[in-house]
Structures are given as structure tokens and as C-alpha cells.
Amino acid sequence: MSCERLQEFMDILNYPKTSIDKFQLFTREFGFLDVFIGLQSFTDETNMLDVTQKIQTLFQDAAFDFYVLYLTEHFDFYASEVQNKILLAKRDIRAKYSFPEISLPLSPKFVMDIIPSVLENIGRLLKRHDPYSPLYVPETILEHIKDVSKELKFLQYFFCFVSQRFIEPKSQHHVNFFAHVLAVVGHASTLTWLYLPDFAPEQINLMLSDFLRMRVKPIEPCIRKIYVDVLQTLKSTIQSGWYFNIRYEHAVDSEASFVETMLHNLVGIPTKSNSTERVVLKDHLKILQKMLEFLRANIFRVLRKDLEFLLRDIETVVIDVGLLVYSLYEDEEEKEDMAPGEVNQAQVFDLSGNIQSLSIVIYLTIRKAFHLICQGFMD
């Protein structure tokens with residue numbers, strides 16, 4: 001008996017709200033379990049096999065028993081008993097679980113399919129409920145869960161941009177990127193699932209903040225390297241003359257979303273230096289951000305029949321945007337190691353020059369798009 005079929009029974013029977021909440025909690029847990037099982041299938045962690053099998057069997061038995069008991073007075077008692085067993089099983093998993101190491105081959109399609117499931121599961125946590133409901137999530141945790149959801153959405157944009165453009169055989173940089181995204185998305189889902197509601201809000205918030213900083217955002221050099229390497233691979237592929245077989249509208253959609261992701265990362269760059277060079281760089285960053293917003297607003301104005309003439313230019317620009325944004329994070333790290341005022345002037349001005357050149361390319365690309373649109377109207 002599937003959870004969807006059980007939900008139909010609950011809706012028809014007009015159960016008390018407490019019973020419905022208990023059932024919805026079970027279906028919510030089932031969604032997180034499904035992601036967890038999918039994630040484990042790509043790892044080689046033998047120490048997790050017993051606890052994974054245990055909780056999987058528990059859910060399968062519970063789904064069947066819910067169907068048998070749905071008309072009886074014992075439903076509420078059984079639902080509470082099942083939830084207690086689930087909590088105990090989750091504690092067993094917590095004792096052995098760590099950030100997943102993806103060791104088995106995976107397809108980009110699997111990762112692309114699992115991201116919406118994770119976002120949907122996390123989205124269910126954001127729904128507000130009565131504090132006495134088993135579905136309740138403390139308000140103090142909701143903002144951190146929203147941050148996780150937002151960062152995963154931007155990572156999804158990045159993944160979509162890359163996965164549409166890789167060619168077989170995959171380079172090691174593609175393999176690393178795909179594995180990283182799966183591990184991050186699966187870990188985000190598993191963290192929220194395993195630690196709610198056992199841990200205090202402060203502990204959960206700290207874990208989620210550390211997770212975003214250490215595993216998702218381009219702050220840590222090892223994470224940033226994964227992002228930079230895969231973008232460099234895409235750029236090299238374009239420069240070699242090979243072009244990607246993508247439907248034009250899909251290409252433009254993913255380009256626009258990728259630019260939005262880079263805008264988000266651009267805003268997240270720390271600004272600690274008050275030197276003259278820092279002011280110059282900050283001014284150029286503002287110009288770059290405006291030009292990216294200009295590109296984002298006008299990227300859909302390109303006529304479909306003429307898009308093939310612009311696609312290569314746009315691809316190169318948005319990849320350069322990504323590489324430049326990540327290089328700015330590196331520049332900030334280097335300045336943190338210097339004494340106040342000891343800013344590498346040459347590097348700052350080089351970056352400012354790159355930003356200025358990139359802004360010009362964006363402007364020329366958009367001007368070309370408007371020119372083609374005008375030509376289309378004249379024809």
C-alpha cells in the first residue's frame with residue numbers, strides 16, 4: 001500500500017486532525033527515507049547496511065499496517081508507536097552516519113531527479129503548524145531551513161547548467177562535481193531528517209549553518225575548486241570548437257539561472273578591506289552586478305531563430321562570470337592573511353580590469369541581441 005493511497009483513505013474518512021497529522025508525519029518521514037536510501041545506494045559504507053535495512057523494513061511494515069488499521073480505534077495508538085520506533089531507528093543511524101562519500105558511478109539524471117525531491121521534503125518542514133502538532137517545527141529553526149532550501153536551489157541551477165553541457169566520456173572534474181552535488185543534497189535532507197525533533201533548535205541551527213559554510217558555499221577552497229574545475233572544463237570544451245547539443249530554449253533558461261546563481265554568490269563575497277584599492281574593486285563589482293542583472297533581464301529577448309549566433313558568446317560570458325566570481329573569493333582569502341593596508345595592488349587592479357572587460361562583453365552581447373531583434377522586425 002503506497003503512501004499516496006493511504007492519504008486518499010485518510011481524506012475520505014474525515015479523521016480527527018490529530019490522526020491526520022500523525023499520518024502526514026509518517027508520509028513526511030517516508031519522503032526523507034526515500035532520499036536517504038537513494039543516497040546510500042551510491043556509497044560503499046558497509047557499516048550502514050544493518051541500520052538502513054532495519055528502518056526500511058520498519059517503514060514497509062508500517063505502511064501495510066496503517067492500511068489494515070485505518071478503520072479501527074487503534075490507529076492513533078499504533079501511529080504513535082510507529083513514530084517512537086522510527087525515532088529509535090534514526091538514533092541508530094545517527095550513531096554511524098557521516099557526510100557521504102560517493103564511491104559508485106552515477107548518472108547526472110539521477111542527481112537531477114533527486115534534487116526536486118529533497119527540495120519538496122524540506123519545503124514540507126517550512127509549513128507552519130500548531131505547537132502541539134507532531135508536524136511542528138520550531139520557528140527558530142525555520143529560517144535556517146529556508147537558507148538551506150535557497151542554497152540548494154542555487155546549486156540546482158548550477159548543476160542544470162553543467163549537466164546539460166557535459167559530453168561523454170565524463171572528465172574527472174565532471175565526476176567530482178556530480179558526486180559533490182549528490183552528496184550535498186542528500187546530506188542536507190538527511191541532516192534535517194535525522195536530527196528533528198530530537199535535538200535542540202540551537203544545535204540544529206549550528207549544524208545547518210556549518211553545513212552551508214563548509215559544503216555548499218564557495219568559501220572553502222576545496223569546495224570552490226570543484227566548482228572552478230568543472231567550469232574550466234566547460235570553457236576548454238567550447239574553446240576546442242566542440243559545441244553542446246542543447247535545445248536553444250533550455251540553454252537560455254539554464255544560462256539565466258546560472259547568472260542568477262553567480263549574482264547570489266557575488267553578494268556573498270565578504271568585504272573587509274577599507275583601502276583605496278578595495279573601494280575601486282567594490283565599485284567595479286557593483287558595475288558587474290548591474291551588467292549581470294541587465295543580461296538576466298534581456299537574455300530572453302534573443303529571437304530563437306537567431307540564438308545560434310549568440311549562444312557561444314553568451315556561454316563564454318556566463319562561464320567567465322562564474323570563474324571571476326570564484327576568483328574574487330580567493331582574492332578575499334589572500335587579503336585576510338595580510339596586515340591591514342597590505343593589499344596586493346596589482347591583483348586588485350587585475351581583477352578590476354577583468355570585471356570591466358567582462359562588463360563590456362556582456363554589453364556587446366546584449367547589443368548584438370537587440371540588433372538581431374531589430375533585423376527580425378525589419379525582415
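Start with the whole protein chain in cartoon view: you'll find 13 helices and zero strands. (Helices are DSSP runs of H or I with at least four residues, strands are runs of E with at least two, and both are numbered from the N terminus.) Read along the sequence, the pattern is simply α-α-α-α-α-α-α-α-α-α-α-α-α.

Two notes before you click. This is a predicted model, where local features need pLDDT of at least 70 and side-chain atom pairs count only at pLDDT 80 or more, while totals for chains, interfaces and linings use all residues. Residues are numbered from 1 along each chain as its sequence is written, and side-chain values use heavy atoms, leaving out hydrogens and water.

**Stop 1: the whole chain**

Keep everything selected for a moment. Of the 379 residues in the protein chain, 49% are buried. (Buried means under 20% relative accessible area, exposed means over 50%, and partly exposed is in between, using a 1.4 Å probe and protein chains only.) Now think about contacts, meaning heavy atoms within 4.5 Å. Among contacts between residues at least 6 apart in sequence, 82% join residues at least 24 apart.

**Stop 2: helix H5**

Select residues 108-125. This is helix H5, with 18 residues, and it reaches 27 Å from its first C-alpha to its last, close to the 26 Å expected at 1.5 Å a residue. (The expected span is 1.5 Å times one less than the number of residues.)

Which residues of H5 are buried? Show the side chains of Pro 108, Val 111, Ile 114, Ile 115, Val 118, Leu 119, Asn 121, Ile 122 and Leu 125. They cover an arc of only 165° around the axis, which puts them on the same side of H5. (That arc is taken from the directions from the helix axis to the C-beta atoms.) Here's the background: an α-helix has 3.6 residues a turn, so residues three or four places apart point the same way. Add helix H2 (17-40), helix H6 (139-163) and helix H7 (172-195) to the view, and you'll see what the buried residues of H5 pack against.

**Stop 3: salt bridges**

The structure holds 14 salt bridges. (Each one is a side-chain nitrogen of Lys or Arg within 4 Å of a carboxyl oxygen of Asp or Glu.) Let's visit three of them.

Pick Asp 198 and Arg 94 to begin: their closest N and O atoms are 3.2 Å apart. Asp 198 sits in the loop between H7 and helix H8 (201-216) and Arg 94 in helix H4 (residues 75-96), so this pair ties together parts that are 104 residues apart in sequence. Asp 198 is partly exposed, at 29% relative accessible area, whereas Arg 94 is buried at 16%.

Next, select Glu 315 and Arg 165, whose side chains meet in a salt bridge (2.7 Å, N to O). Glu 315 belongs to helix H12 (residues 307-336) and Arg 165 to the loop between H6 and H7, so to speak two distant parts of the chain, 150 residues apart. Both Glu 315 and Arg 165 are buried.

Then try Asp 229 and Lys 225, which also form a salt bridge (2.7 Å, N to O). They are four residues apart in helix H9 (residues 221-239), so about one helical turn separates them. Asp 229 counts as buried, at 17% relative accessibility, and Lys 225 as partly exposed, at 48%. Before leaving, add Arg 91 to Arg 94 and Asp 198: salt bridges that share partners join these three into one network.

**Stop 4: aromatic rings**

How many aromatic pairs does a search of the whole structure find? There are 19. (Rings of Phe, Tyr and Trp, the last by its six-membered ring, pair if their centres lie within 6.5 Å; planes under 30 degrees apart are stacked, over 60 edge-to-face, and the rest tilted.) Zoom in on Tyr 195 and Phe 199: the centres are 4.7 Å apart and the planes at 85°, so the pair is edge-to-face. Tyr 195 is buried, at 13%, and Phe 199 is partly exposed, at 27%.

For a bigger selection, pick Phe 158, Phe 159, Phe 161, Phe 166, Phe 177, Phe 178, Tyr 227, Phe 258 and Tyr 326, which ring pairs link into a cluster.

**Stop 5: a cis bond**

Finish at Leu 196 and Pro 197, joined by a cis peptide bond with omega about 0°. Pro 197 is in the loop between H7 and H8.
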